[in-house]
Amino acid sequence: MTLRRKLAQRICAVAAYATPMERQSLARGMIAELDHVKDDDAVGFALGCLWSAIGWFLTTADGVIRCVRMAILLASGALALLGLLTVAKLRGSGSPLTLWSLTAISVFYAGAAVLSVWRGLGALSLYAIVGLALNTMAFLAQRSPAFEAEPGSVFLRALAIEQFGLLILLLGVGIGARGLAARLRG
Amino acid sequence: MPRTVNSSRQTRLLLSEFSAQPQAWRYGYELAKATGLKSGTLYPTLARLSDQGLLEAEWRAALELGRPARHAYRLTPAGLIFAKEQALRPIRSSRKHGNQEVLA
C-alpha cells in the first residue's frame, strides 16, 4: 500500500468519525469508494470526503450542539486556567479580596467547562442565569464604601462588568445553539 | 427570479450525467471523473438529491474479486422526469443583455 493511500485512508477515517448518524450510509459509501480510486487521486478524493463530512456535521443539529459545547469547553477552560494562573502569580502581593474573587471566577468557569461536556447546553444556560444573579449581587456589594477602600477595587469592578458580558454571551450562545438545532431537527 | 433548489451548475451537470444512462447504476468515483466534480461537491449533491427522492442508492458487489462492495446511485422515475425538465430550462441569464444559455 502506498503512502498516499495510507494517508487517504486516515483522512477518510476522520471523515467517517465527523459524519453525523443520518449520513453514515453515504459516508460508508464514500469510504468504500476509496478502494476503487487511483493512487494519484486518493488524497484529493479523501479530502473531498472530509469536506463533505464537515459540511454535514455543521448543518445537523448534533453537529451544531457538539461544536458549541466544544467551543464553550475550550473558552471556559482557558478562562479558568488563566484565572488560576493569575491567582498563583498574585499570591503574596495581591489583596485577599482580589485573590478570592479571581479564584471564585476561575472555579465558575471550570464549572461551565465541566457542565458543557457533562450535561449539555440546557444546564449551561441555567448555570449562566445563576451566574448572572450572583454577579449582580457581587456588583451591588462593590458599591459599598468599604469596598472602595480595598486595594484592587477598580480591577474587581472591571472584572465584574466583564463577567456580565461573558455570562450574557454564554446564555445567548446556549439558547441560540439550541434554537438552531431545533430548527435543523424540524 | 428566485434561485431554485437544484439549479446550481454542478447539480445540473450531475443530473445530465445520470440521465445519459438512466437505468445504469453509477459509482461516486466514476461520476466524479465524468462530470469533473470534486468529491467534496459530488457527495453533498448526491445526498441532497437522495433526500429529495430524486436518486436511489444501493450497495453493489464489486466486479473485481477481493474488492469491497460499492455504493451505487441512479435516478428514480421522479428524478428522471426532473432531470429532463432541468435540461430544458435555461441555466443562466444575463441581466444586462438578456442572453440565456441552455444546458446541452
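Chain A exposes about 10,600 Å² of surface, and carbon and sulfur atoms supply 70% of that area. Keep in mind as you look around that this is a predicted model. Of the 186 residues in chain A, 39% count as buried.

What is chain A built from? You will find 8 helices and 0 strands there, so to speak a run of one kind of element: from the N terminus on, the order reads α-α-α-α-α-α-α-α. The contacts of this chain are worth a look too. Take those between residues at least 6 apart in sequence: 70% of them join residues at least 24 apart.

Now let's move to chain B, where there is a sheet to explore. This sheet is open and has 3 strands, arranged in the order β1-β3-β2 with antiparallel pairing. In chain B, β1 (26-27) and β2 (55-60) stand at the edges; each has a single partner strand, so one side of each is left without a neighbour in the sheet.

Strands of a sheet pair through backbone hydrogen bonds, either parallel or antiparallel. In chain B, strand β3 (residues 70-75) runs antiparallel to β2(B), and 6 bridges join the two. You can pick out one residue pair here: E56(B) has R74(B), in β3(B), as its bridge partner.

Finally, look for the helix that packs on this sheet. Helix α1 of chain B, residues 9-20, touches β1, β2 and β3 of the same chain. The direction of this helix makes about 90 degrees with that of β3(B).

Note on methods:
Residues numbered from 1 in each chain as written. Chains lettered and ligands numbered in written order. Predicted model: local features only at pLDDT ≥ 70, side-chain atom pairs only at ≥ 80, totals over all residues. Heavy atoms only, no water. Helix = DSSP H or I, 4+ residues; strand = E, 2+ residues; numbered from the N terminus. Buried < 20%, exposed > 50% of the residue type's maximum accessible area, 1.4 Å probe, protein only. Contact = heavy atoms within 4.5 Å. Areas by Shrake-Rupley, 256 points an atom, 1.4 Å probe, with all protein chains shown as cover. Pairing = 2+ DSSP bridges. Axes fitted to C-alpha atoms, helices over the stretch in contact; angles between N-to-C directions.
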